[in-house]
Amino acid sequence: MVEEVQKHSVHTLVFRSLKRTHDMFVADNGKPVPLDEESHKRKMAIKLRNEYGPVLHMPTSKENLKEKGPQNATDSYVHKQYPANQGQEVEYFVAGTHPYPPGPGVALTADTKIQRMPSESAAQSLAVALPLQTKADANRTAPSGSEYRHPGASDRPQPTAMNSIVMETGNTKNSALMAKKAPTMPKPQWHPPWKLYRVISGHLGWVRCIAVEPGNQWFVTGSADRTIKIWDLASGKLKLSLTGHISTVRGVIVSTRSPYLFSCGEDKQVKCWDLEYNKIWDVRTKASVHTLSGHTNAVATVRCQAAEPQIITGSHDTTIRLWDLVAGKTRVTLTNHKKSVRAVVLHPRHYTFASGSPDNIKQWKFPDGSFIQNLSGHNAIINTLTVNSDGVLVSGADNGTMHLWDWRTGYNFQRVHAAVQPGSLDSESGIFACAFDQSESRLLTAEADKTIKVYREDDTATEETHPVSWKPEIIKRKRF
């Protein structure tokens, strides 16, 4: 009676075959690959040449040169023999393998005297023995009048860079014999945490923009209530209210040269406020110098600097543009962001800048916008960025969260979510703008709960109470 064969699907059969193959070969995974003697010797010879090339070469005897005569002068360096040296013990010198040697050479000891191309063992003993030469032996020069010249080479000055071959047992090390350090990720600088110490109320609408005057005496805010308010920085008291815009004030800035305050709003007006004579100028009456066109959607942020490029813009078309003012056109367009770029900030000391978008905060290098790194983790619509000279980068978002970063490493050392003022909805927790004062000891934020919040560093914090909890990301090494 013929036994029926149980039928299996192709899927089952394939996996059974894979399992058998795995069981057959898995035991070999832990076995080391057998060493090939020839390839190992070749590898060691190449390593010796690369690592110890400057100190491994054939020493020549003055006696041999005299016996060979001028016909074999092309095989080695020419040495002049003087009567003063006759009758002395033959001395060996390492004369460089370059067209002209680095110097008179290093005298070899009895353990390392070799006359032809060294073998592996001799080469290793030479490499080990050379660093142990005393300072006097290492600096010993050839007898007076002795000169090393390659036949046909011109009288050129001897390079000083190769003098690193002469080694001391002290501080001097030969770079060719030094072990290379493995690359390490820089550790973040410790920054004290920031704490809220003042809440200023007075606006009747969202506070959309903020700026500190150069003298650090007062700051100015613009709001959805169509007013501009000037506040005393030390006390937080209201000094002056300016009216003139007929819609939300979206931007304010104080001139560093003149007593002028500039404001812009959703009423399509840019106003210049003369703080000295209490006058208002409508900038639309002035002739435009340049119209910089190129963005395909609303421009959300503009930054200016004295160096090139002088203007940097971020837009809702997801691009950042670096403008050439002389030519009046775009110099570079950065398209790395996938969502609207609402904030751009320039570092006050470094020639770099950062841009904020819901997908990432990105750092760039001027003048061509070379990408530096991503700062990930602030998963919200980032409305504002600011940075101080100590390398503290602050990002404020639409949901009221504020993240503080170390500029150099991108380490997020603090996250803040301040409560809204009493009477406001939780949904009104949003940060529209932030700025450091001129002393960089206070941080001001303009928020959706109609307040201005002031932060300062926690004086009681230390590296022990607030340690850096930093775990560098493990970079996966590519196999090929």
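This report covers a four-stranded sheet, a hairpin and a surface patch in a predicted model.

## The four-stranded sheet

Four strands form an open sheet. Their order is β1-β24-β23-β22, and the pairing is antiparallel. The edges are β1 (194-201) and β22 (431-436). Each of these edge strands pairs on one side only. On average, neighbouring strands of this sheet are turned by 25° against each other, direction ignored.

Look next at one edge. Strand β1 is joined to β24 (residues 451-457) by seven bridges. These two strands run antiparallel. Within the pair, Arg-198 stands opposite Val-454 of β24. In general, strands of a sheet pair through backbone hydrogen bonds, either parallel or antiparallel.

## The β20-β21 hairpin

Strand β20 spans residues 401-406, and strand β21 spans residues 412-417. They pair in the antiparallel sense, with five bridges. Leu-404 faces a partner across the pair: it stands opposite Gln-414 in β21.

Five residues lie between the two strands of this hairpin. What sign does phi take at Gly-410? It is positive, near 80°.

## A nonpolar patch at helix α1

Four residues make a nonpolar surface patch: Val-10, Val-14, Phe-15 and Leu-18. Its area is about 400 Å². Val-14 lies in helix α1, which covers residues 10-25.

Why does Val-14 count as partly exposed? Its relative accessibility is 42%. That value falls between the 20% limit for buried and the 50% limit for exposed, so Val-14 is classed as partly exposed.

How values were computed: Residues numbered from 1 in each chain as written. Predicted model: local features only at pLDDT ≥ 70, side-chain atom pairs only at ≥ 80, totals over all residues. Heavy atoms only, no water. Pairing = 2+ DSSP bridges. Patch = residues over 30% accessible without salt bridge, like charges linked within 9 Å, V, L, I, M, F, W, Y side chains within 5 Å. Areas by Shrake-Rupley, 256 points an atom, 1.4 Å probe, with all protein chains shown as cover. Salt bridge = Lys/Arg side-chain N within 4 Å of Asp/Glu carboxyl O. Buried < 20%, exposed > 50% of the residue type's maximum accessible area, 1.4 Å probe, protein only. Axes fitted to C-alpha atoms, helices over the stretch in contact; angles between N-to-C directions.
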